[in-house]
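Q: I would like a close look at one part of this model, the place where the ligand sits. Please give the criteria as you go.

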Amino acid sequence: MSLVTCKDQPRSNISDDDIHPFLDQGGILLTCSVHLARNLRQYVDRSRQEYQSVWSSPKILPWSAWLEDMWDTAMLSGQIPPLRLLSSQHEKKVWQQIIVEDSSSELVYPAGLARQAQNAWRLWLDHEHPHGQNRLGQESVNQSFFAWAQKFSEICRANGWVSQAELPWKLVNYLSATSPPITASVALAGFDRLTPAQECLLDFLQERGVSIVLYERSPRQARIMAQPCTDPEEEIRLAASWAFRQLEESPERRLGIIVPDLEARKKSLQRNLDEILFPQKRLSITSRDGVCPYRFSTGESLASFSMIRDAIVLLEFQFQDISLNSLTTILLSPYLPGWSEEYHARADLALFLRETGAQQVKPGQLAAMIRDQASCPVLLQALQSILPYQFGSKDSLFPQQWVQRFISLLQEAGWGQGRALDDREMNLLDAWKQLLNGFSAAQEIWGRLTLENALSHLREMATETVFQAEQGDVPIEVVGIHDCAGLQFDAVWLLGWHDGVWPERRYRNPLISADVQKRWGITAASEELTCEDAATITRNIFSSANEIQVGLPRVDGDQLLQPSPMISDYLDDKAHSQVYRIEELPRLYSLQKTSSIESFSEKPIPFQSGKKVHGGSAILELQSACPFQAFACFRLHVKAPSRTQVGPSERLHGSLLHAVLERFWDQVGDRNTLAGMDQGEVQGRVKTIIDSIFHEQLQSKGMRFSENWEDMMKSRLLDLVMNWLNLERSRDDFSVTDRECSSMTDVGGLKLRIKIDRVDQIHHGQDLLLIDYKTGRVSPSGWFSERPEDPQLPLYCRALHQKGRMVRGLALGLIRKDGVALLGLAADEGFPDKIKPFHKHELGQQYQSWEQMLQDWDRVLEGLAQDFLMGKATPDPRKFPETCRYCRLQTLCRIDEMRKAL
Ligand code: SF4
């Protein structure tokens, strides 16, 4: 094998004026990054449109793609032997296997170490010839890594594999005896410096007659402006507003938003940019309406897209129970057949599953539930068609065989057929196919796998694969600091350039010594090199545009922010300051461009007289908490999903508790009978009631729980009920006259169905005590004020009075794990301990009499009912933010946006 020495050669330059002739003559433009290749392709296409109507596609490639192309061409023409080029993921797998097999290592996270080894191997090969005279010795690298690298070389040699890092050297060595597969000229764009491996290959090509030049764009003199603002969130909104204005003035402008910590801020950026520049994305269920005017320089993990996630979950369903969250995504997946027809029924099913509190669902269980509900026949058919697959989890197959099974299963399930796919989803589908191809193509690396292992590798590969949809030419690029080499813009916003993130902290690869890395000029090897590199990047950015806006947020939370020291020299007295005001933010950029703005009236829409409203005291409770909540739930019939929780919901617990107590008092009737029973007898009776209630209620609700869950629920319920009955036993005589009584009541014209938990006759039948069982934290204070927190008991009290039954006491029967109590207010003394006379309560003492207090409550209830009937639906939480905290309607009422606008 011959060695080729690198040598420094001055290279000539070409500029913007030369780039078209250069490309027209078949020249290849190589870029330092994928992002720059994409940007320059669009720049060339745009400028050609000005003077040509037809042109051939320019050859503009990132360095890595060019190397692979050259490798494939040389192999196809027989210039090099048929060696297999390892993908990055396959290479990592090989490193991982070597590391795991190394018995001297006891590792917690071999995948992480494999990534470091892969990176160290690349650094090594970028800077040293693998067989050169100055090659690294054991003393320069971590000893284990040295051994792993030797093993890696042996394995690659034995199997005929080549890693990406070796390509430049291998190409030079294999092609030195023949002519290179390219003859065209090559121009380099965006390379601040070349690695020795790159230099070596380029020198070799130059010696073979290939012209190598540098494409250097003329630096620009930027007008710099500072933009002081409060915090990073405000800065993002200002930047979006600035971009909007720029495009409004001149849609041809090309803008950059350059962010040092782009990955950390991506979500917040996306949210705010969408809100101002691409609002229709939020108005549409699909992403197909309009064209997003911005693009990020970095893509997303393939596994993070719901289409791919759904496919993997469907496959995982073959060997494991599915978590409730995954199941919800499957039920709401637009990629399964019948989605548009069954969307609402599937959403209801997802809500129902949440109510059950089940954390894991078996495939058969799910099919049975869907069958019971009888509302999603298409989904049922899709699931039933894949249930018989049930691949044996012990089968051990090669990846290619698994991939065939996966494809058949997804076809049977109709994955991808829920609705027509848009362009981005078609790209995703291609990426998924490539992923499967990549997985099945490397049998020798994976060997035979069980289903679980095969899916685990596939998921890992999907997670590590970066996907970026083709977007065409867009006016705004949001770029990470390491993707902006070579880019030029009309105007740039530097976002979040504070001293905490720039210069950034870099981590040196620990597998190669610091001295060697310094010799190579690796920036992470020393602070000096890091600062030098950061200064160069900053200088290049400040000469990449005609106008530069520098955002200067003052604080982030409780942390004071200072501008990065790298930019302070640019922000001297000459910097113009200009402040964009949030109130003036332009809105709906794309919407204005694509559709007409719809105007709407905020006038309330009264409830149609005579129309039935389905709901009870909850209507008044929600109207009091926030008029919009009541409107959304009882007029729009919005159902917000309950939070996922382990085990059965609190609501189910509450309903079982009510049912048990109702039946107990049906049978026992009064306190005297209870007192005559011994503890064992009471417990036996309660147990029997609990068993029968469970059987009836769970069956009627179509709920299924494991035996363990049922046992736990029953035992918890038994404890609660026994504690409560002990308290009842200690009371003076009473008899229970009403239990879970349903009736209709009228409040200011609003007819409500109510269900009173219980009414007791006390004081030898002279007085009525109204009791409401509660398992949460409530108190009688919730019955007062213009917007009472808990208007339920005042409403029940009013309903009984309307029937001529005068109530002299109201009580909350608190039945909780941490204790039981009977808490309330009464007309006078003589009620159980914690039921105080009303005038001794701090909010009750304002009234002269019990009757006056009840009349005032009636007035408040009628006011709330009137507001509901008149259609008052303002998002007006009783107490912000507490009331909103447990409400799940934020996306509908847009309270956050409204408060931002205030
Ligand atoms: S989130 Fe707040 S404002 Fe919106 S509906 Fe709920 S309580 Fe009302």
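What is the space taken by the ligand?

A: The space taken by the ligand is the largest cavity. The model is predicted, so local features need pLDDT of at least 70 and side-chain atom pairs pLDDT 80 or more, while totals for chains, interfaces and linings use all residues. Residues are numbered from 1 along each chain as its sequence is written, and side-chain values use heavy atoms, without hydrogens or water.

A cavity is a set of points, on a 1 Å grid over the protein atoms alone, where a 1.4 Å probe fits but cannot get out. A molecule sits in one if more than half of its atoms lie within 2 Å of its grid points.

The residues surrounding the ligand (a heavy atom within 4 Å of it) are Cys 626, Phe 628, Gln 629, Pro 875, Pro 877, Cys 884, Cys 887, Gln 890, Cys 893 and Ile 895. Two helices (DSSP runs of H or I, at least four residues; strands are E, at least two) each give at least two residues to this shell: helix 26, residues 627–634, and helix 34, residues 890–893. The shell holds eight nonpolar residues, two polar ones and no charged ones. Ala, Val, Leu, Ile, Met, Phe, Trp, Tyr, Cys and Pro count as nonpolar, Asp, Glu, Lys and Arg as charged, and the others as polar.

The cavity itself has a volume of about 90 Å³, where volume is the space filled by probe spheres set on the points. Its lining (residues with an atom within 4 Å of a point) is made of Cys 626, Phe 628, Gln 629, Pro 875, Pro 877, Thr 883, Cys 884, Cys 887, Leu 889, Gln 890, Cys 893 and Ile 895. Helix 26, helix 33 (882–885) and helix 34 each contribute two or more of these residues. Sorted by class, the lining has nine nonpolar and three polar residues, and no charged ones.

Two backbone features involve elements already named. Phe 880 and Pro 881 are joined by a cis peptide bond, with omega near 5°. Pro 881 belongs to the loop between helix 32 (850–869) and helix 33. Arg 894 has a positive phi, near 60°, and is a residue other than glycine. Arg 894 sits in the loop that runs between helix 34 and helix 35 (895–901). Its relative accessibility is 33%, so Arg 894 counts as partly exposed (between 20%, under which a residue is buried, and 50%, over which it is exposed, with a 1.4 Å probe and protein chains only). Most residues other than glycine have a negative phi, and most peptide bonds are trans.

For context, the whole structure has four cavities of 30 Å³ or more. The second largest encloses about 70 Å³. Gln 89, Lys 92, Lys 93, Gln 96, Trp 446, His 457, Glu 460, Met 461 and Glu 464 form its lining. Helix 4 (88–101) and helix 20 (451–464) each provide at least two of those residues. By class, the lining of the second largest cavity comprises two nonpolar, three polar and four charged residues. Another cis peptide bond links Trp 502 to Pro 503, with omega about 5°, and Pro 503 is in the loop between strand 16 (489–494) and helix 21 (514–520).

Methods. On a 1 Å grid over the protein atoms alone, a cavity is a set of points where a 1.4 Å probe fits but cannot get out, and a pocket is an open set with protein on both sides within 12 Å along at least five of seven lines; lining residues have an atom within 4 Å of a point.
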